[in-house]
Amino acid sequence: RMLGDTLKMLREEKNITQSAMAKSLNISPSTIGMWEQNRRSPDGDSLKMLSDFFDVTIDFLLGKTEYRKFNPEKLTDRD
């Protein structure tokens, strides 16, 4: 799953437009569009902001996990 697809899915789940999301995050609507089209990638600060906005982990945004929230039960003992 690509980051842009995840952002679009989360935005649509919140039932908000790219413009409304951009206004809430104080960024341009074209930036949201570029992210959703996978033409640009958010930097670290933007990933943190998106994570907070959608209340998901950065790993979920990046497609590294299917869990939207931190799940300590999935950690393995590495001794």
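Start with the whole chain in cartoon view: you should count 5 helices and 0 strands. Keep in mind as you go that this is a predicted model. Colour the chain from the N terminus onward and the elements come up in the order α-α-α-α-α.

Now switch on the surface. The protein exposes about 5500 Å², and carbon and sulfur atoms supply 47% of that. Of its 79 residues, 32% count as buried. If you turn on contacts as well, look at those with a separation of 6 or more: residues 24 or more positions apart account for 50% of them.

**Stop one: helix α1**

Select residues 3-13, which make up α1. Which residues of α1 are buried? Pick out L3, G4, T6, L7, L10 and R11. Then turn the view until you look down the axis: these buried residues fall within an arc of 160°, so they line one face of the helix. Bring back the other helices and see what lies over that face; the cover includes α2, α3, α4 and α5.

Step just past the end of α1 and you land on N15, where phi is positive, near 60°.

**Stop two: E36 in α3**

Next, click on E36, which sits in helix α3. Buried or exposed? E36 counts as buried, because its relative accessibility is 9%, and the cut-off for buried is under 20%. Show what surrounds E36: leaving out residues up to four places away in sequence, it touches G4, D5, L7, K8, R11 and Q18. You have already met some of these, since G4, L7 and R11 are among the buried residues of α1.

While you're in this part of the chain, hop to the loop between α2 and α3 and find N26. Phi of N26 is near 60°, a positive value in a residue other than glycine. N26 counts as exposed, with 72% relative accessibility.

**Stop three: helix α4**

Select residues 44-54 for α4, then highlight S46, L47, L50, S51, F53 and F54, which are buried. Why are they on the same side of α4? They cover an arc of only 165° around the axis, which puts them there. Show the neighbours too: the buried residues of α4 pack against α1, α2 (18-25), α3 (29-36) and α5 (58-61).

Zoom in on the start of α4. Here a side-chain oxygen of D43 reaches to within 3.3 Å of the backbone nitrogen of D45.

**Stop four: the two rings**

Slide along α4 and show F53 and F54 as sticks. A pair of aromatic rings is described by the distance of the centres and the angle of the planes. How do F53 and F54 pair up? Edge-to-face, with 5.0 Å centre to centre and 80° between the planes. The count for the protein comes to 1 aromatic pair.

Both rings belong to buried residues: F53 has 18% relative accessibility, while F54 has a relative accessible area of 9%. Add K14 to your selection as well. K14 lies over the face of F53, at 4.5 Å from the ring centre.

**Last stop: D55**

Finish just after α4, in the loop between α4 and α5, where you'll find D55. Phi of D55 is near 55°, a positive value in a residue other than glycine. With a relative accessible area of 48%, D55 is partly exposed.

How values were computed. Residues are numbered from 1 along each chain as its sequence is written. This is a predicted model: local features need pLDDT of at least 70, side-chain atom pairs count only at pLDDT 80 or more; totals for chains, interfaces and linings use all residues. Side-chain values use heavy atoms; hydrogens and water are left out. Buried means under 20% relative accessible area, exposed over 50%, partly exposed in between (1.4 Å probe, protein chains only). Helices (H or I, at least four residues) and strands (E, at least two) are DSSP runs, numbered from the N terminus. The arc is that of the directions from the helix axis to the C-beta atoms. Contact means heavy atoms within 4.5 Å. A polar contact is a pair of N or O atoms within 3.5 Å; within protein, one must be able to donate a hydrogen and the other to accept it, and residues adjacent in sequence count only if both atoms are side-chain atoms. Rings of Phe, Tyr and Trp (its six-membered ring) pair if their centres lie within 6.5 Å; planes under 30 degrees apart count as stacked, over 60 as edge-to-face and the rest as tilted. A charge sits over a ring if NZ of Lys or CZ of Arg is within 6 Å of the ring centre and within 35 degrees of the ring normal. Accessible areas come from the Shrake-Rupley method with a 1.4 Å probe; for residues, only the protein chains shown count as cover.
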